[in-house]
Amino acid sequence: MAQPQTLRRVQRSTRGKRIALVVGGTLLTLFLALQGVALALPRTNPPVVAEPAWDSPQTRELFMRACGDCHSNQTN
């Protein structure tokens, strides 16, 4: 006996949800594993070999105070 059409739709929608959950779980697990690998790698800053030609000492001081910690090789 053939299944009613509504039952087939429910089975199809359940299968799609299951596939989506498996794919989503796999991607989440992969993402978390890669984050762990990135945290385990050693981090070092390359040596500072040159500085830009600052137009004034105040500009250099402003950069080092406001932006230098993230946008230089002299991070803390």
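## Salt bridges

In this predicted model, E51 and R60 are joined by a salt bridge, with their closest N and O atoms 2.8 Å apart. Both partners can be placed on the scale from buried to exposed. E51 has a relative accessible area of 42%, so E51 is partly exposed. R60 also counts as partly exposed, because its relative accessibility is 31%.

The count of salt bridges comes to 2. Besides the link between E51 and R60, there is a salt bridge between the side chains of E61 and R65, at 3.0 Å from N to O. E61 and R65 are both part of helix 2, where they sit 4 residues apart, or about one turn of the helix. How exposed is each of these two residues? E61 has 41% relative accessibility and therefore counts as partly exposed. R65 reaches a relative accessible area of 58%, so R65 is exposed.

## The chain as a whole

If you are meeting this structure for the first time, the overall layout is a good place to get your bearings. The protein chain has 2 helices and 0 strands. Helix 1 covers residues 5-40, and helix 2 covers residues 57-66.

How much of the chain is buried? Of its 76 residues, 3% count as buried. The accessible surface of the protein chain is about 7,000 Å². Carbon and sulfur atoms account for 64% of that surface.

## A nonpolar patch

Look next at I19, V23, L27, L30 and L34. Together they make a nonpolar patch on the surface, with an area of about 490 Å². One of these residues, L30, has its place in helix 1.

## An aromatic pair

The structure holds 1 aromatic pair. Its members are W54 and F63, with 5.3 Å from centre to centre. Are the rings stacked, edge-to-face or tilted? With 40° between the planes, the pair is tilted.

Each ring belongs to a residue that is partly covered. W54 is partly exposed, because its relative accessible area is 28%. For F63 the relative accessibility is 21%, so F63 too counts as partly exposed. The cut-off for buried is under 20% relative accessible area.

## Two cysteines without a disulfide

How many disulfides does a search of the whole structure find? The search finds 0. C67 is in no disulfide, and the nearest cysteine sulfur, which belongs to C70, is 8.6 Å away. Seen from the other side, C70 is in no disulfide either, and its nearest cysteine sulfur is that of C67, 8.6 Å away. Two cysteine sulfur atoms count as a disulfide within 2.5 Å, so the pair does not qualify.

The two cysteines can also be described by their accessibility. C67 has a relative accessible area of 34%, so C67 is partly exposed. C70 is exposed, because its relative accessible area is 64%.

## N73 and its contacts

The last stop is N73, in the segment after helix 2. N73 counts as partly exposed, because its relative accessibility is 37%.

Which residues does N73 touch, leaving aside its neighbours within four places in sequence? N73 is in contact with N45, P46, P47 and V48. T44 offers another way to view this part of the model: N73 and T44 are 29 residues apart in sequence, while their C-alpha atoms are 9.1 Å apart in space.

Technical notes. Residues numbered from 1 in each chain as written. Predicted model: local features only at pLDDT ≥ 70, side-chain atom pairs only at ≥ 80, totals over all residues. Heavy atoms only, no water. Buried < 20%, exposed > 50% of the residue type's maximum accessible area, 1.4 Å probe, protein only. Contact = heavy atoms within 4.5 Å. Phe/Tyr/Trp six-rings, centres within 6.5 Å; stacked < 30°, edge-to-face > 60°. Areas by Shrake-Rupley, 256 points an atom, 1.4 Å probe, with all protein chains shown as cover. Salt bridge = Lys/Arg side-chain N within 4 Å of Asp/Glu carboxyl O. Patch = residues over 30% accessible without salt bridge, like charges linked within 9 Å, V, L, I, M, F, W, Y side chains within 5 Å.
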